[in-house]
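Here are some short exercises to work through with the structure open beside you. Try each task before reading its solution.

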Amino acid sequence: MSVTEKLELFEVFVRSKRGLDHKHVGSLHAEDHEQALEYARDCYTRRSEGVSIWVVKSADICASQEDDADCFYDPNDDKPYRHATYYVLPDPVNNM
Amino acid sequence: MSDAIKAATLEYATRLGDDSVVLGHRISEWISYGPFLEEDIAYGNVSLDYIGRARMFYTYAAELADDGRDEDDFAYMRNDREYRNLLLFEMPKGDFAYSQVRQLFADVYYTVLLPELLQSKDETLSAIAAKAIKETKYHLRRSRDWVLRLGDGTEESHKRTQKAVDALWGYTHELFDMDATEQLLADEGIGVDVSKLRDAWLQRVTEILTEATLTVPEDSWEVKGGRIGYHTENLGHMLTEMQIVHRSHPGCKW
């Protein structure tokens, strides 16, 4: 087994500015959360310093499957009233 | 600034620059040899911090020398006998445990040294210290973490880490040596009296080594000489490699 196969995989999220959301920027290998945080700092924030970093074990992420796309998303397409744009706004409200 | 103080400050800035460039170069030798990609990038960043520090010290030295030399001349055009770095920093990179133990000794050293240099009456030295303090805080997090992992790791990693501690211990005494030049600057409030820092260094290092299940060696031997240009055989080889491009193509830009 190579070294990286023995290490855990982590997903890295960086918030580059106050007020913005954390954005997924990539993944890396590390021994534990603490080390993952340090490597995230070195691999992803050295050029434009972020203000906050999150790391989470990739194995802990529960992701939707592509096969589920039909039942997950399609039902929304024929129900336009679920979207705000369906409603006619009174003139004084220019943008929404 | 009197001539004597100016000459001493030039020597001091050169010494601090030499320490940074030599250690920075030794760390850079790990690039592409790191145990895995993430560590490779992280340790390379530490190297860059030291090279950046060296540039600041050398730029200041060149300004004080005022003889037409620039930072590159200080780094690339001086021979080993003209280098004034601490011997600890010129030792070859060894195995990963060896490099991390050396790094721990260096990082704790700068943790106790830089806050003192920050108080310097010399504004440039103080400003360099201010920038370096933040870097060092992070460097120490890393090296402390590695020494704990390796010392308190497997039988093999413990053995290698202890071996590194024992092999390097005799080079740490020089870190706290004073000579007439540094004493003059310390008296003037410009330089740091490093002889007063060993207790704090030793306490911190002892805590970390103990936590890592490692043994603090006896003070049974010590090697010195870097500050007067007497080096181990390792520095010459290192400088040959570090300086070859600049010396082969003087003034070359790319």
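Helices (H or I, at least four residues) and strands (E, at least two) are DSSP runs, numbered from the N terminus. Please keep in mind that this is a predicted model.

**Exercise 1. Two unusual backbone angles**

Task: Find where Ser32(B) and Asp66(B) lie, and decide whether each counts as buried or exposed.

Solution:
- Start with Asp66(B), which is found in the loop between H2 and helix H3 (71-76) of chain B. Its phi is positive, about 50°, although Asp66(B) is not a glycine.
- Next, count neighbours. A residue is exposed if 12 or fewer other C-beta atoms lie within 10 Å of its own. Asp66(B) has 9 C-beta neighbours inside 10 Å, so it counts as exposed.
- Now turn to Ser32(B), in the loop between H1 and helix H2 (37-65) of chain B. Ser32(B) is not a glycine either, yet has a positive phi of about 80°.
- With 8 C-beta neighbours inside 10 Å, Ser32(B) therefore counts as exposed.

**Exercise 2. H1 against H8 in chain B**

Task: Describe how the axes of H1(B) and H8(B) cross, and name the residues that make the contact.

Solution:
- Locate the helices: H1(B) covers residues 3-28 and H8(B) covers residues 180-187.
- Their axes come within 9 Å and cross at roughly 110°.
- Angles of 65 to 115 degrees count as roughly perpendicular, so H1(B) and H8(B) are roughly perpendicular to each other.
- The crossing of H1(B) and H8(B) is left-handed.
- From H1(B), the contact uses Ala8(B), Thr9(B), Glu11(B) and Tyr12(B); from H8(B), it uses Thr181(B), Glu182(B), Leu184(B) and Leu185(B).
- Sorted by class, this contact has 4 nonpolar, 2 polar and 2 charged residues.

**Exercise 3. The core and the H5/H9 packing**

Task: Which residues have the most contacts inside the largest nonpolar core, and how does H5(B) pack on H9(B)?

Solution:
- The largest nonpolar core has 69 residues, and Phe57(B), Leu88(B), Phe105(B) and Tyr109(B) have the most contacts inside it.
- Helix H5 (residues 96-118) of chain B gives the most to this core, with 13 residues.
- Look around Leu88(B): leaving out residues up to four places away in sequence, the residues it touches include Phe105(B), Leu168(B), Tyr171(B) and Leu175(B).
- H5(B) also packs with helix H9 (residues 198-211) of chain B, at an angle of about 140° and with the axes 9 Å apart. H5(B) and H9(B) are therefore oblique to each other.
- H5(B) passes H9(B) in a right-handed crossing.
- Here Leu104(B), Phe105(B), Val108(B), Tyr109(B) and Val112(B) of H5(B) meet Ala200(B), Trp201(B), Arg204(B), Val205(B) and Ile208(B) of H9(B).
- This contact has 9 nonpolar residues, no polar ones and 1 charged residue.

**Exercise 4. Chain A and its side facing chain B**

Task: Give the order of elements in chain A, then say which element gives the most to the side that touches chain B.

Solution:
- Chain A has 3 helices and 3 strands, which run α-β-β-α-β-α from the N terminus on.
- Of the 96 residues of chain A, 15% count as buried.
- At the interface, 12 residues of chain A are in contact with 9 residues of chain B.
- Helix H1 (3-6), strand E2 (23-30) and helix H2 (33-44) of chain A are the elements that give two or more residues to this side.
- H2(A) gives the most, with 5 residues.
- By class, the side of chain A that touches chain B has 6 nonpolar, 3 polar and 3 charged residues.

Key:
Residues are numbered from 1 along each chain as its sequence is written. Chains are lettered from A and ligands numbered from 1 in the order in which they are written. This is a predicted model: local features need pLDDT of at least 70, side-chain atom pairs count only at pLDDT 80 or more; totals for chains, interfaces and linings use all residues. Two residues are in contact if their C-beta atoms, placed from the backbone, lie within 7 Å. Ala, Val, Leu, Ile, Met, Phe, Trp, Tyr, Cys and Pro count as nonpolar, Asp, Glu, Lys and Arg as charged, and the others, Gly among them, as polar. Axes are lines fitted to C-alpha atoms, for helices over the stretch in contact, and angles run from 0 to 180 degrees between N-to-C directions. Angles under 35 degrees count as roughly parallel, over 145 as roughly antiparallel, 65 to 115 as roughly perpendicular and the rest as oblique. A crossing is left-handed if the near helix is turned anticlockwise from the far one by less than a right angle, and right-handed if clockwise. A nonpolar core is a set of buried Ala, Val, Leu, Ile, Met, Phe, Trp, Tyr and Cys residues joined through C-beta atoms within 7 Å. A residue is buried if 20 or more other C-beta atoms lie within 10 Å of its own, exposed if 12 or fewer, and partly exposed in between; C-beta atoms are placed from the backbone.
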